[in-house]
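Me: I'm new to this one and would like to go through it piece by piece. Can we do it as questions and answers?

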Amino acid sequence: MRRLMPAVGVLFPILYTPLMSITSRRALLKKLLILLAGGSAASASAQPSRNPAEDALLRQIAERRDTDPLIGAKIGSKELFQRLLGRMKTDRGVHAESLLVALGALAGYACQASLRAQAAAKGLPENAVLVSVETKDGKRFFFGDQLNQPLAESKYSVWGLAAAGAQHAGCSALPDVTEIFKHVSQTVGTADFGKPRIAPNHAPHDLPLNYVRSLWPALLPTIQKFCPNPEDWPVLLGLSVQEAIDAGRKVVDPCTALRLVMESAIPMSKVNLAAP
């Protein structure tokens, strides 16, 4: 793996808002719509729709992409974060560690899914840029430099965004992400693969793989809606991770939150979701 980029100062979303109710979220979307439309939100939603406010927002996002290529990822990250909160909420609330693991797992897998979608759009096999590795038990995993780019090496990688969010929330000692990569490579094909190494009091309610299998198909339409370009999918998830780290900083310290995210993201970037 290439030398990892430092995370300090990497994008922290200017549109950040902590945990919100449905009413607050709708108010936020309305404000964003007015901001993007220069105060003309009413005219932007002239066409009838099942959700005219959202349709108008998406049109304004499309118009703003030339000047702010990440506008869809910024706003979409908030929508996805709220949808995930809704799916994971119980009568006791949302378990912070489980939310972080779920988002980390989704962010990691988004890196692979992004490369598959980009290859398919070019008429290539989905795994054209992925290095396939088969273990003794017949399971297949995916590696490669191009997979590591959105995961940990590019300007807006999952690691870069998550680490910046943790630092913003108060983390001063980042975990050794290179060591996490090493551990994942060493445990491929074993029972320890994809199990976050974390203290029992911070254990999630389920494994990263189970979160990916259940949540990715359900949330992909939302991701595609705000980010038609698959290259932006990991960015959207990385920004959602920032939301979760900051929103839960009083329950889970940001350094622990970052470890939960990356212990989930790195192995889930390599799984074969098509396998049973």
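Me: What should the 26 residues of helix α5 span at 1.5 Å a residue, and how far apart are its end C-alpha atoms?
Reply: Keep in mind that this is a predicted model. Helix α5 covers residues 96-121, so at 1.5 Å a residue it should span 38 Å. The distance between its end C-alpha atoms agrees with that: 36 Å.

Me: At which residue does α5 bend?
Reply: The helix turns by about 25 degrees along its way. The place where α5 bends is Ala 110.

Me: How many residues of α5 are buried?
Reply: This helix is mostly covered. Two of its residues serve as examples: Leu 99 is buried, with a relative accessible area of 6%, and Leu 106 counts as buried at 1%. For α5 as a whole, the number of buried residues is 22 of 26.

Me: Which residue just after α5 takes a positive phi?
Reply: Step just past the end of the helix and you meet a phi of about 80 degrees. The residue that takes it is Gly 123.

Me: How are α5 and α10 oriented to each other, roughly parallel or roughly antiparallel?
Reply: Their axes come within 8 Å and cross at roughly 170 degrees. The contact is made by residues including Leu 99, Leu 103, Ala 107 and Ala 110 of α5 and Pro 234, Leu 237, Val 241 and Ala 244 of α10. Angles over 145 degrees count as roughly antiparallel, so α5 and α10 are roughly antiparallel.

Me: And what is α4 to α5, oblique or roughly parallel?
Reply: Helix α4 takes in residues 71-88, and its axis comes within 11 Å of that of α5, crossing at roughly 130 degrees. That angle makes α4 oblique to α5. Among the residues making the contact are Leu 80, Phe 81 and Leu 84 of α4, with Ser 98, Leu 99 and Ala 102 on the α5 side. The crossing is right-handed, and the word for the arrangement is oblique.

Me: Which residues does Leu 99 touch, not counting residues up to four places away in sequence?
Reply: Leu 99 sits in helix α5. Its C-alpha is 9.2 Å in space from that of Val 241, although the two are 142 residues apart in sequence. The residues Leu 99 touches are Phe 81, Leu 84, Leu 85, Met 88, Val 94 and Ala 244.

Me: Is Leu 106 buried or exposed, and which residues is it in contact with, leaving aside neighbours within four places in sequence?
Reply: Leu 106 also belongs to helix α5. At 1% relative accessibility, it counts as buried. Trp 233 is 127 residues away along the chain, yet the two C-alpha atoms are separated by 10.0 Å. The contacts of Leu 106 are Leu 84, Val 212, Leu 215, Trp 216, Leu 219 and Leu 237.

Me: How are α7 and α10 oriented to each other, roughly parallel or roughly antiparallel?
Reply: Helix α7 (residues 158-169) and helix α10 (residues 233-247) have axes that come within 8 Å and cross at roughly 20 degrees. Residues in the contact include Val 158, Leu 161 and Ala 162 of α7, along with Val 235, Gly 238 and Leu 239 of α10. The crossing is right-handed. Angles under 35 degrees count as roughly parallel, so α7 and α10 are roughly parallel.

Me: Is His 183 buried or exposed?
Reply: His 183 lies in helix α8, which runs over residues 177-187. Leaving aside neighbours within four places in sequence, it is in contact with Asp 192 and Arg 197. Buried means under 20% relative accessible area, and His 183 has 16%, so it is buried.

Me: Which residues does Leu 273 touch, not counting those up to four places away in sequence?
Reply: You'll find Leu 273 in the segment after α11 (254-268). From C-alpha to C-alpha it is 9.5 Å from Phe 141, with their positions 132 residues apart in sequence. The residues Leu 273 touches are Tyr 109, Val 212, Arg 213 and Trp 216.

Me: Stepping back, how many helices and strands are there in the protein chain?
Reply: From the N terminus on, the elements run α-α-α-α-α-β-β-α-α-α-α-α-α. Buried residues make up 52% of the 276 residues. The count of elements is eleven helices and two strands.

Definitions and conventions
Residues are numbered from 1 along each chain as its sequence is written. This is a predicted model: local features need pLDDT of at least 70, side-chain atom pairs count only at pLDDT 80 or more; totals for chains, interfaces and linings use all residues. Side-chain values use heavy atoms; hydrogens and water are left out. Helices (H or I, at least four residues) and strands (E, at least two) are DSSP runs, numbered from the N terminus. The expected span of a helix is 1.5 Å times one less than its number of residues. The bend at a residue is the angle between axes fitted to the seven residues ending there and the seven starting there. Buried means under 20% relative accessible area, exposed over 50%, partly exposed in between (1.4 Å probe, protein chains only). Axes are lines fitted to C-alpha atoms, for helices over the stretch in contact, and angles run from 0 to 180 degrees between N-to-C directions. Angles under 35 degrees count as roughly parallel, over 145 as roughly antiparallel, 65 to 115 as roughly perpendicular and the rest as oblique. A crossing is left-handed if the near helix is turned anticlockwise from the far one by less than a right angle, and right-handed if clockwise. Contact means heavy atoms within 4.5 Å.
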